[in-house]
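Let's take a relaxed walk through a protein model, one piece at a time. Keep the picture open while you read.

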Amino acid sequence: MDVDIRLLVGPEILAGSTRLKAGTVTKLALNILSTGSMVQLGKVYGNRMVDVAVTNKKLHDRALRILQDLTDLNREDAGYLLEQSGRKVKLALLMHWTGLGKDEGDRLLAAHQGNLRKAVSVAPTGSDRANSP
C-alpha cells in the first residue's frame with residue numbers, strides 16, 4: 001500500500017535556504033511513523049516505552065523508574081520485581097497487576113504477541129490488578 005504524506009512547511013525563515021524546514025519536517029514525519037509503529041507493535045503502555053532491553057545501568061534505572069511510575073512500588077520493590085521477571089519490564093508489570101508468575105505471564109504475553117494492554121485485559125484478576133492504570 002502506498003501512502004502519500006505531504007507536510008506543508010511554508011517559506012523558509014532565511015532567504016535562499018531551501019533545506020532547513022525540509023529537514024525538520026522530514027524528522028517530524030519519521031518520528032510520527034516510528035512512534036505509531038511502536039504503539040502498533042505493543043512496545044508502549046500509555047505514554048511509556050515498556051519494551052526496554054535492560055542491558056546497562058542507564059536502562060536498568062529507566063526500567064525501575066517505569067515500574068515505579070506505573071505501580072506505586074518503591075525502588076527496592078521495583079528492583080525485586082524486575083529481577084523476578086528476568087529484567088523484562090512488560091512482564092514485571094503484568095506480574096504485578098495480575099498476580100501471575102513469570103512463566104504464566106510469559107505465556108500470556110506470547111499469546112498476545114507481546115502486547116501488554118491485551119494481556120492485562122484478559123488476565124485473571126489478581127490482588128494488585130486494582131492498581132493498574
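## Starting in a loop

Where is S85 found? Look in the loop between α3 and α4. Keep in mind that you're looking at a predicted model.

Is S85 buried or exposed? S85 is buried, because its relative accessible area is 0%. Its side chain reaches the backbone oxygen of L82 at 2.8 Å. Setting aside residues up to four places away in sequence, S85 touches L91, A92, M95 and K102.

## A helix with two sides

Now step back to helix α3, which covers residues 75-84. Its buried residues are A78, G79, L81 and L82. Seen down the axis of α3, these fall within an arc of 165°, so they line one face of the helix. Here's a handy bit of background: an α-helix has 3.6 residues a turn, so residues three or four places apart point the same way.

What do the buried residues of α3 pack against? Their partners are α2 (57-71) and α4 (89-98). Over on the other side of α3, E76 and Y80 are exposed.

The ends of this helix are worth a look too. At the start of α3, a side-chain oxygen of N74 comes to within 3.1 Å of the backbone nitrogen of E76. Just after α3, G86 has a positive phi of about 75°.

## The nonpolar core

In soluble globular proteins, nonpolar side chains tend to be buried together. In this model, the largest nonpolar core has 28 residues. Which of them have the most contacts inside it? Those are V50, V89, L93, L94 and L116. Helices α2, α3, α4, α5 (102-111) and α6 (116-122) each supply at least two residues of this core, and the largest share, seven residues, comes from α4.

L94 makes a good example to click on. Not counting its neighbours within four places in sequence, L94 is in contact with G99, L100, G105, L108, L109, L116, A119, V120 and A123.

## One aromatic pair

How many aromatic pairs does the count come to? Just one. A pair of aromatic rings is described by the distance of the centres and the angle of the planes. Here the partners are Y45 and W97, with 5.1 Å centre to centre and 40° between the planes, which makes the pair tilted.

Y45 lies in strand β1 (residues 44-45) and W97 in helix α4, so the pair ties together parts that are 52 residues apart in sequence. Both Y45 and W97 are buried.

## Out on helix α1

Next, find L28, which lies in helix α1. L28 counts as partly exposed, because its relative accessibility is 47%. For a sense of distance, try L28 and D103: they're 75 residues apart in sequence and 40 Å apart in space, going C-alpha to C-alpha.

## How far to trust the picture

The mean pLDDT of the protein chain is 87, and 92% of its residues reach 70 or more. Which elements have the lowest and highest mean pLDDT? Helix α1 (residues 20-40) has the lowest, at 86, while α3 has the highest, at 97.

Over residues 127-132, though, the pLDDT is below 50. This stretch has nine contacts in the model beyond near neighbours in sequence. Where pLDDT is low, the predicted coordinates should not be read in detail.

How values were computed: Residues are numbered from 1 along each chain as its sequence is written. This is a predicted model: local features need pLDDT of at least 70, side-chain atom pairs count only at pLDDT 80 or more; totals for chains, interfaces and linings use all residues. Side-chain values use heavy atoms; hydrogens and water are left out. Buried means under 20% relative accessible area, exposed over 50%, partly exposed in between (1.4 Å probe, protein chains only). Helices (H or I, at least four residues) and strands (E, at least two) are DSSP runs, numbered from the N terminus. The arc is that of the directions from the helix axis to the C-beta atoms. Contact means heavy atoms within 4.5 Å. A polar contact is a pair of N or O atoms within 3.5 Å; within protein, one must be able to donate a hydrogen and the other to accept it, and residues adjacent in sequence count only if both atoms are side-chain atoms. A nonpolar core is a set of buried Ala, Val, Leu, Ile, Met, Phe, Trp, Tyr and Cys residues joined through side-chain atoms within 4.5 Å. pLDDT is the predictor's confidence in each residue, from 0 to 100. Rings of Phe, Tyr and Trp (its six-membered ring) pair if their centres lie within 6.5 Å; planes under 30 degrees apart count as stacked, over 60 as edge-to-face and the rest as tilted.
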